[in-house]
Amino acid sequence: MRGIKHWAVAIVALLAMLVGFAVHQPTPTAAAGDDLAAIQKRGYLIVGLSADYAPLEFHATLNGADTIVGADISMSKQIAKDMGVKLQIKEMNFTALIGALKTGKIDLIVSGMSKTPEREKEVNFSQPYLYETQVMVIRKADKAKYKSIADFSGKRVGAQKQTTQEQLAKTQLPGAKVISLDKANDVIAQISYNKLDAGVMASTIADSYVARTPSLMVLDPHFATDKAPTAIAVNKQSPALLAQVNKTISKVKGAKYKQYLQAAYKLQDQNQGFWAKYGNYFIRGAIYTLIFAALTVFFGTIIGTLLALMKLSRNWLAKAVANVYIEFIRGTPLLVQAFIVFFGTQILGLDLSAFVAGAIAMAINSGAYVAEIIRGGINSVPVGQTEAARSLGLHQRQAMRYVILPQAMKNIWPALGNEFVTDIKESSVLSVIGATELMFEGTVVQGASFKPFLPLVVVAIFYFIMTFTLSRLLRLIEKRFN
């Protein structure tokens, strides 16, 4: 067990090094849920959003750099300016925003969020800065089919998860089969490719997509509650911050916000080729995906080796801990583990970036699978090898290090290599917490380019190139072993 203790110390040290990557984003000096004075003392305001909602918030290439822009971004800059601080943006999945606000990851949600009674139970809202009419997006070829709300009975209708549009679809489209999707561009994509018959969207967003998708059109079904107030969400423990936000909104709403919208429309209409405009998004995503995979392989192998040795040890406590860890991690999805690490560490006082939280979640997840691979490899080494090593005067720890593990590595390499390839693909799950990787960048391009299918084809090609190349390298290494 002495050897296991050394391994445990090493893992703690290595995980501490990984946490050091938190410099990827500045660490607040005070919890993000603190009031106005704490944010001003910190020097920057953290705004959370899902940048797939043009023209309110979306990605654009400005001066060769990927930048989140839009009417809501212009308003956020004004809020930060009025507070005398800088603006910092954290992008994540729309469904994760309220959780991020409540756990102190962000100060405000400025993401085209509608004010609803259900949300008001969890957060406070500013005064509305925009009232949006709710409409349907359909294919032009189906225009004659829909004369009223009743015509959508039995049809597949899409809406973004946890939005006013989702609630409208479920309550005011009797008989419709409502499909809830993560992003607005997912709704548009599925309508375009006949996976959905229609989608419920805010008129501002619907008009942006339809203007760039000739096969689609906007239909006003005359919902009973067709207008929804769009506002900024604030933590319930931040009354002074809410008052400050309302001051800015009082100046911005109306004519000023319309100017923000007009500026956003111009940014959407940049004339560039697809690859020239978005190629750097895919390259950056691929680089981060490989970084995630490398960190996962490194830390996952260390964790897996420790767990395998614990499971094979004669100490019942070590064996029990390893068994519980492996069964729990293998029995829960990586998606859930990523959320637990991202939000759970915040509750413990650690403000980890999405990058660090994602890397830790993947290493923890991979470690459980690698442990079983290594344990199987160790068990595959004949018992006679251990006996021979002991007869030469090697104690158990030395026999494991110099005799058993080198032979086991040859046996487990194919399975371990497959785990490495899997890590590249599984990093796509981390997009839900806003971690930059290939799938995340692909969805960003979907929203910014209004092309629902082409970005996914490019993403698939990049994944194939990475996994195919790695597979060939692993085979070369396997040949050297043989």
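Q: How many aromatic pairs does a search of the whole structure find?
A: This is a predicted model, where local features need pLDDT of at least 70, side-chain atom pairs count only at pLDDT 80 or more, and totals for chains, interfaces and linings use all residues. Residues are numbered from 1 along each chain as its sequence is written, and side-chain values use heavy atoms, leaving out hydrogens and water. Rings of Phe, Tyr and Trp (its six-membered ring) pair if their centres lie within 6.5 Å; planes under 30 degrees apart are stacked, over 60 edge-to-face, and the rest tilted. Searching the whole structure on that basis, the number of aromatic pairs comes to 16.

Q: Why is the pair Tyr257 and Tyr260 called stacked or edge-to-face?
A: The ring centres of Tyr257 and Tyr260 are 6.2 Å apart. Their planes stand at 80 degrees, so the name for this pair is edge-to-face.

Q: Which helix do Tyr257 and Tyr260 both lie in?
A: Helices here are DSSP runs of H or I with at least four residues, strands are runs of E with at least two, and both are numbered from the N terminus. Tyr257 and Tyr260 are 3 residues apart, about one turn of the helix, and that helix is H10.

Q: Are Tyr257 and Tyr260 buried or exposed?
A: Buried is under 20% relative accessible area, exposed is over 50%, and partly exposed is in between (1.4 Å probe, protein chains only). By that yardstick, both Tyr257 and Tyr260 are buried.

Q: Why is helix H8 largely enclosed by the rest of the structure?
A: H8 covers residues 203-211. Its buried residues include Ile205, Tyr209 and Val210. They pack, by contact (heavy atoms within 4.5 Å), against elements including strand S7 (130-139) and helix H10 (255-268). H8 is largely enclosed because the buried count is 7 of the 9 residues.

Q: Which ring does the charged end of Lys105 sit over?
A: A charge sits over a ring if NZ of Lys or CZ of Arg is within 6 Å of the ring centre and within 35 degrees of the ring normal. For Lys105, the charged end is 4.3 Å from the centre of the ring of Phe342.

Q: How far apart are the end C-alpha atoms of residues 286-309?
A: This span is among those covered by the UniProt annotation "transmembrane region" (unreviewed entry). UniProt positions follow the numbering used here, feature names are shortened, and annotations may be inferred rather than shown by experiment. The span is 100% helix and 0% strand, and its end C-alpha atoms are apart by 34 Å.
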